[in-house]
Number of protein chains: 2
Amino acid sequence: MKTEILTLLRESEDYVSGQELCNRFGVSRTAVWKVMNQLKEEGYVIEAVQNKGYKLKENPDVLSLSELKSRIHNRWAGNTVYFYEETGSTNIDAKRLAEEGAPHGTVVVADKQNAGRGRRGRVWQSPSGKDIYFTLLLRPDFEPDKAAALTLVMALSVAQAVEGSCAVQAGIKWPNDIVVNGKKVCGILTEMNVEPGYIQYVVIGVGINVNLEDFPEEIVKTATSLLLESKAEWPRAELLQSVLKCFEDNYEKFLRTHDLTDIKEEYTKHLVNCNREVRVLDPKGEFEGIARGINAAGELLVETEKDKIVEVYAGEVSVRGLYGYV
Amino acid sequence: MKTEILTLLRESEDYVSGQELCNRFGVSRTAVWKVMNQLKEEGYVIEAVQNKGYKLKENPDVLSLSELKSRIHNRWAGNTVYFYEETGSTNIDAKRLAEEGAPHGTVVVADKQNAGRGRRGRVWQSPSGKDIYFTLLLRPDFEPDKAAALTLVMALSVAQAVEGSCAVQAGIKWPNDIVVNGKKVCGILTEMNVEPGYIQYVVIGVGINVNLEDFPEEIVKTATSLLLESKAEWPRAELLQSVLKCFEDNYEKFLRTHDLTDIKEEYTKHLVNCNREVRVLDPKGEFEGIARGINAAGELLVETEKDKIVEVYAGEVSVRGLYGYV
C-alpha cells in the first residue's frame, strides 16, 4: 500500500483526500495516517491540509524499496527489485539470488556497499546516501562468447539515461566507463556464470556517482559526480528507472543479432576516445593508434597506420588516452 | 590432532603406543582415549591392547573431515578441504567459498546432496553414505575460452583414478561422463564465473557412484556403481585423493599449452565412442559419423565422410552412440 500511496501522491497535482485513500485501499484513517508518517520518516515532505488531504511538496532523493517500486515501470527490467540500505556488493547479492532462482530482469539496489568491487577485484568506493549501486540480473539464451558485449550495452544505456535525466553530456570511455567533462562518473562490472556453451546467468553491476560532493584526493582528478558537473542534485531512483528503460530498449536491439550491430553507431557517438590517439596496453606489447569506433562484437577499432585497423578485445587490454584520463 | 592420530594409525603396521601419542602431542592419556572413542564413533574399528597400544583393524569407508585430511596429500589440490555431511550442492558451496576468497585447489566434499545438479539444471541423484560428491575450485590465469576444456581434464582424471583404485576399466563418453561396462558411474558439472576476458574462478563438480547398490528403475539400464561393476566396496576418501592427484598432474600438463595437447592422446585412449558411429544432436541439424578422437581444444572429431572431419564443440550439442548409452 505504501508504494501505491507514494505513486498516487507523486502523480497527483492536487491534494489527495484521506477519505479517498481509505476507500481505495479499504483501510482506516489511522492506517493512512501511519503510512504518511512512515513516508515522512523516509524523507518525503508531505503537507496535510484539513478538508483537502495530502500533497507531496518536495520530491527528495529518497532511496527505499517503496520509492524504487513506485518509480520502476518497465516490461521486464526491474520487475523484481531488492533493496538494501547497506550490503557487501550488489553483484554478490545478485549472484546469490540467481542461484536461488531469481528471474531475468531482477535488480538489486543498495544505498551503500561495504565491499564494492571494480574490475578484477579492485575496490570501488561506495559511501551511503549519495550514489547508486545496482546490479541487473539477466538470463540470456545465447552463447557465452556473445555476453561480453553486454557490458557495452549497459554503458550506452547509462550514458543515454544520464543525458536524458541529468542535464549533462555523457561520454563513454571504451569499453564501459561513463565520463562527464573528462572525468569518470560511472563504472560497470559484468560477471557471468557459465557452463561450457551455456550461460546460467549474467550480472551487470553499475555504480554511479550521483550526488557525491567530495572525492578523495587520489581520484579527484579522474572522478566526479553528476552533482558536481551539473550543479544540481538528482533523484537516484528516477535515474535508475531511466537506465533500466534504456537498457531494455538496447538489449532488445542486441537480441536481434546477438551483437551490437544495431547499437554500435549510437555507442560510437558517445565514444570519447573516438578519433583520438590512444595507447593500447596489451600485455603482449603496447602500441598506439587512433580509435575509430567499435565493431559489432564490441571490440575497439584502432587505426595503427593509414587504413590498418587493429581490433582490440576489452578483456585482454586496457586503453589510455595520451592526454588525460579519457 | 584427530587427523594426525588417524594418519599414524593407518600408516603403522604395528600397534601405536598410547604413551607415544601422549608424548608426541603433549596431551594426557585421557585426551588420547577420547580421540580413539571419537574415531570409533565415526566407524573406524580400533583395537586397544594393554601394554601394546592402538591398532586400526579395518579401514572402513568413512567420509569425514579427519578421514579426508588424513588421506589428501597433494601439492595444491585439496590442501583446503570443506566437508558437509549434507548440503544442497557442492558446486553452490564452492562458488560461495570462492566469493569469500577460498584459494585455488579448495575442495568441497559432501556425503549427501539435497539439490545435486547435472548439466543445465538437471537433477543429480545424491543419496548419503554411498557415493561421493565433490567440487574442486580453480583460479586459473588464462582466458575464459580455454576453460571449457577443463571438464575433459577432470574426466580423464576420474577415469585414471577409477582404474588405478577400483579394479575396473573406465571409459569416457565424450565430453565428460565416465562409464564402466557401458553404464555411467560419474557425472561432471563445470561452471565458471568470468568477467569479460578474465576468469574469477572455475568450479568442477564431480559425482561418482561408488558403493550404491540400488538404482531407480528409470536409470538402471544406463547407470551403475563401482561396487556393482567390481563386486567390491571402495573407500571413498582414498578414491577422492586419487582423483585429485591425477587432476593435479593432468592440470599441470594442461597449463603448458593452455589446451589438451599433452593429454589428448591419453584421453582418446579412454574414449568409448572412439571409432564408433555416433549421432551428433546439433540444434542446427543432426548428423551421423564416426568419432575419431578429440583435438587440443577438446572438440570431438567426427568423420562424416572419408577424410572429412567435423569438429564438434561440447557446449552446443550432445552425442549419442547408435547402439546403447555410449
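**Ground rules**

Two strands count as paired if DSSP finds at least two bridges between them. Helices and strands themselves are DSSP runs (H or I over at least four residues for a helix, E over at least two for a strand), numbered from the N terminus. I am working on a predicted model, in which local features need pLDDT of at least 70 and side-chain atom pairs count only at pLDDT 80 or more, while totals for chains, interfaces and linings use all residues. Residues are numbered from 1 along each chain as its sequence is written, and chains are lettered from A and ligands numbered from 1 in the order in which they are written.

**Entry 1: strands β5, β8 and β9 of chain A**

I started with the hairpin of β8(A) and β9(A). It has two residues between the strands, and Gly197(A) takes a positive phi near 80 degrees there. β8(A) and β9(A) run antiparallel and are joined by 10 bridges. I noted Asn193(A) standing opposite Tyr201(A) in β9(A).

On to β5(A), which pairs with β9(A) in the antiparallel sense over seven bridges. Here Leu138(A) stands opposite Val202(A) in β9(A).

Is β9(A) mostly covered or mostly open? Mostly covered: eight of its 11 residues are buried. For the record, buried needs 20 or more other C-beta atoms within 10 Å of the residue's own, exposed means 12 or fewer, and partly exposed lies in between, with C-beta atoms placed from the backbone.

**Entry 2: helix α5 of chain A**

I then looked up α5(A), residues 90–99. Seven of its 10 residues are buried, so the rest of the structure largely encloses it. I listed the buried ones as Thr90(A), Asn91(A), Ile92(A), Asp93(A), Ala94(A), Lys95(A) and Ala98(A).

What do these buried residues pack against? In chain A, the partners are β3 (81–84), β4 (107–110), β5 (132–138), β8 (183–195) and β9 (198–208), and α5 (90–99) of chain B joins them. After the helix comes Gly101(A), with a positive phi near 105 degrees.

**Entry 3: the two chains together**

I counted contacts next, where contact means C-beta atoms, placed from the backbone, within 7 Å. Between the chains, 22 residues of chain B are in contact with 22 residues of chain A. On the chain B side, α5, β8 (183–195) and β9 (198–208) each give two or more residues. β8(B) has the largest share, with seven.

I sorted the chain B side into nine nonpolar, six polar and seven charged residues. The classes are Ala, Val, Leu, Ile, Met, Phe, Trp, Tyr, Cys and Pro as nonpolar, Asp, Glu, Lys and Arg as charged, and the others, Gly among them, as polar.

β8 pairs across the chains too: three bridges join β8(A) to β8(B), which run antiparallel. Asn193(A) stands opposite Asn193(B) there.

How does chain B go onto chain A? A turn of 179 degrees and a shift of 0.0 Å along the axis lay it on with an RMSD of 0.1 Å. The two copies are thus related as by a two-fold rotation axis. The superposition is by least squares on the C-alpha atoms of residues with pLDDT of at least 70 in both copies. Of the chain B residues, Asn193(B) comes closest to the axis, at 2.3 Å (C-alpha). The same surface serves both copies, as 100% of the contact residues of chain B recur in chain A.

**Entry 4: the nonpolar core**

A core here is a set of buried Ala, Val, Leu, Ile, Met, Phe, Trp, Tyr and Cys residues joined through C-beta atoms within 7 Å. I found 158 residues in the largest one, and Val153(A), Val158(A), Ile178(A), Val153(B), Val158(B) and Ile178(B) have the most contacts inside it. I followed up Ile178(B): leaving out residues up to four places away in sequence, it touches eight neighbours that include Val158(B), Val162(B), Ile172(B) and Val185(B).

**Entry 5: domains 2 and 3 of chain A**

Chain A is split into domain 1 (2–58), domain 2 (65–270) and domain 3 (277–321), with bounds from an automatic or database domain assignment. The C-alpha centres of domains 2 and 3 of chain A are 24 Å apart. I counted 11 residues of domain 2 of chain A in contact with 10 of domain 3 of chain A. Helix α9(A), residues 264–270, gives the most to the domain 2 side, with three.

Last, β10(A) (277–281) and β11(A) (287–294) run antiparallel with four bridges, and Val280(A) stands opposite Phe287(A).

Methods:
Two residues are in contact if their C-beta atoms, placed from the backbone, lie within 7 Å.
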